[in-house]
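Got the viewer open? Here is a short tour, one selection at a time, with a note on what you should find at each stop.

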There are 2 protein chains.
Amino acid sequence: MERSNTVGRNGQGLSPRADFLLADRTGYLLNKAAMLIAEDAERALETVGMRLRYFFVLTSLAGGPELSQQDLARLLNLDPTTVVALVDEMERNQHVERRRNPADRRRYTLVLTESGRTALSAAEQVVTDAEAAFFGPLTGAERAGMQDMLIRLLEGRWPSSVC
Amino acid sequence: MERSNTVGRNGQGLSPRADFLLADRTGYLLNKAAMLIAEDAERALETVGMRLRYFFVLTSLAGGPELSQQDLARLLNLDPTTVVALVDEMERNQHVERRRNPADRRRYTLVLTESGRTALSAAEQVVTDAEAAFFGPLTGAERAGMQDMLIRLLEGRWPSSVC
DNA sequence: TATTGTTATACTCTATAACTATA
DNA sequence: TATAGTTATAGAGTATAACAATA
C-alpha cells in the first residue's frame with residue numbers, strides 16, 4: 001500500500017529543501033546500483049548452484065597470472081581466513097587444486113581444474129545474461145563509457161598484479 | 001575427466017586467455033567502485049563521529065517527504081529491525097524525533113531536529129569532499145553522465161515515494 | 001486479516017589472535 | 001624477524017519469528 005504524502009519533497013510551502021538529496025549523491029547511486037546488480041547476479045547464479053564470490057574467484061583464477069590465497073584476498077577484498085574456507089569448498093568440489101609453490105613453499109598456487117573451467121563457463125553465461133538485463137537501459141556506447149570511467153576510478157586502488 | 005589440464009595459465013607459451021576477465025565485468029567494477037567510495041565516505045565521516053548509514057538516514061529525512069521507519073527500510077535496503085536500532089540511536093543523540101502519525105497511529109513520522117540538521121551539515125561537507133576526491137579522475141561532464149546513467153539503471157527499482 | 005514497530009533469538013559473515021612452516 | 005596458510009573464537013551485522021497495537 002502506498003503512502004499518501006501530504007508534503008512534497010521540494011517544499012510546497014512547508015518542507016525545507018535539503019541541500020543534498022540522496023539521488024544527488026553519485027556515491028550513493030553507485031552503491032545502490034552495485035547492490036542491485038550483485039543481487040541479480042547472485043540470483044542468476046543460484047540456478048547453477050554458485051555464489052557470487054565463488055564466481056569471482058573462479059574468474060580470477062581463469063583469467064590472470066598465478067594467484068596465491070593472499071593474492072586472492074587482496075584482489076577481492078576478502079579476509080585471508082575467508083579465502084581459506086572458500087578454497088576448501090572449491091577443493092571439495094574439485095574446481096581448484098592447491099599446489100605448493102616450489103619457489104616459496106609457504107604459498108599455494110591455486111590451479112583451476114577442468115571441472116572448474118566447466119563450472120565457470122556455465123556461470124559466465126547466466127552472469128552475462130544478468131548483466132545484459134541490468135545494463136539494458138544503456139546503449140552499448142554508454143556502457144562502454146561507464147566501463148572506462150569505472151576503470152579509471154579504480155586506477156591505483158587495484159592490486160598491481162591483476163587487471 | 002580429471003585434472004589433465006597442464007593447460008593452466010602457468011604455461012608461458014600457451015596461456016589461454018580467459019573469455020572474461022574480472023575487469024571486463026561491468027558489474028564487478030561497479031561493486032569494487034562502490035566498495036571503495038563507501039570506505040572513503042565511512043573514513044571521512046569518522047572525523048565527525050558518524051557512520052555512513054546514519055548519514056543516509058539523515059539525508060533521507062532532510063530531503064524527502066515524511067518517512068516512517070518502514071519507508072526508510074525500503075528506501076535504504078535495511079531490515080526494519082535494523083532501522084529500529086538506528087532510530088533509537090538517533091533519538092538518543094536528539095537528531096530525530098518519533099512522532100505518532102495521527103492518520104495511522106501504528107506509524108511514527110520521523111522528524112529531523114535542529115541538532116540533527118546541524119550534524120547533517122557537517123557530515124555533508126566531509127562526504128562531499130570525499131566524493132570530489134574519489135570522482136576526481138572524471139571530468140564534470142563525465143560525472144554528470146555517470147549520474148544520469150546510474151539513475152536510469154535504478155529506474156523502477158527504487159521505492160516510488162522518494163527520488 | 002494485514003501492517004507498524006518492537007523484542008528476542010538465531011544465524012551468517014567477518015575480524016582477531018595464536019600457531020606452523022617456511023623465508 | 002616477517003610472511004602464507006590455518007584454526008579457533010569472538011564480534012558485528014543481519015535475518016527470523018513472535019507479539020502488541022492499530023488498521
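**Stop 1: DNA strand C**

Select Q70(B) and DNA strand C: a polar backbone atom of Q70(B) sits 2.8 Å from a phosphate oxygen of that strand. Keep in mind that you are looking at a predicted model. The elements of chain B that put two or more residues on the surface near DNA strand C are α3 (69–76) and α4 (80–92).

Stay with this strand and add R105(A), where a polar backbone atom is 3.1 Å from a phosphate oxygen of DNA strand C. Then click on R98(B): an N or O atom in its side chain is 3.0 Å from a phosphate oxygen of DNA strand C.

Now show everything around the strand. There are 16 residues around DNA strand C, and the ones that come nearest are R53(A), R106(A), Q69(B), Q70(B) and R106(B). Colour that surface by class and you get nine charged, five polar and two nonpolar residues. Which part of DNA strand C do the atoms within 4 Å of the protein belong to? Sugar or phosphate takes 72% of them, and bases make up the rest.

**Stop 2: DNA strand D**

Switch to DNA strand D. Of the 16 residues around it, those coming nearest are Q69(A), Q70(A), R106(A), R53(B) and R105(B). Of the strand's atoms that come within 4 Å of the protein, sugar and phosphate account for 75%. By class, the surface near DNA strand D holds nine charged, five polar and two nonpolar residues.

Zoom in on three arginines here:

- R106(A): a polar side-chain atom lies 2.8 Å from a base oxygen of DNA strand D.
- R98(A): a polar side-chain atom lies 3.1 Å from a phosphate oxygen of DNA strand D.
- R51(B): an N or O atom in the side chain is 3.4 Å from a phosphate oxygen of DNA strand D.

For the helices, highlight α3 (69–76) and α4 (80–92) of chain A, the elements that give two or more residues to the surface near DNA strand D.

**Stop 3: the strand pair in chain A**

Next, select residues 96–100 of chain A, which form strand β1, together with β2(A). How do these strands run, parallel or antiparallel? They run antiparallel, and five bridges join them. Strand β2 of chain A covers residues 108–112, and four of its five residues are buried.

Pick out R100(A), whose bridge partner in β2(A) is Y108(A). R100(A) also lies over the face of Y108(A), at 4.1 Å from the ring centre. Jump to chain B and you'll find the charged end of R100(B) over the ring of Y108(B), 4.1 Å from its centre.

**Stop 4: aromatic rings**

Last, show the aromatic side chains; over all chains, the count comes to six aromatic pairs. Start with Y28(A) and F56(B): their ring centres are 4.8 Å apart and their planes are at 70°, so this pair is edge-to-face. Y28(A) is in helix α1 (residues 26–46) of chain A and F56(B) in helix α2 (residues 52–63) of chain B, so the pair joins two chains. Y28(A) counts as buried at 5% relative accessibility, and F56(B) counts as buried at 12%. Add F55(B) to the selection: ring pairs link Y28(A), F55(B) and F56(B) into a cluster.

Finish at F134(A) and F135(A), with ring centres 5.0 Å apart and planes at 85°, so this pair is edge-to-face. F134(A) is buried, with a relative accessible area of 4%, and F135(A) is buried with 2%.

Conventions
Residues are numbered from 1 along each chain as its sequence is written. Chains are lettered from A and ligands numbered from 1 in the order in which they are written. This is a predicted model: local features need pLDDT of at least 70, side-chain atom pairs count only at pLDDT 80 or more; totals for chains, interfaces and linings use all residues. Side-chain values use heavy atoms; hydrogens and water are left out. Buried means under 20% relative accessible area, exposed over 50%, partly exposed in between (1.4 Å probe, protein chains only). Two strands pair if DSSP finds at least two bridges between them. A residue is near a molecule or strand if one of its heavy atoms lies within 4 Å of it. A polar contact is a pair of N or O atoms within 3.5 Å; within protein, one must be able to donate a hydrogen and the other to accept it, and residues adjacent in sequence count only if both atoms are side-chain atoms. Ala, Val, Leu, Ile, Met, Phe, Trp, Tyr, Cys and Pro count as nonpolar, Asp, Glu, Lys and Arg as charged, and the others, Gly among them, as polar. Rings of Phe, Tyr and Trp (its six-membered ring) pair if their centres lie within 6.5 Å; planes under 30 degrees apart count as stacked, over 60 as edge-to-face and the rest as tilted. A charge sits over a ring if NZ of Lys or CZ of Arg is within 6 Å of the ring centre and within 35 degrees of the ring normal.
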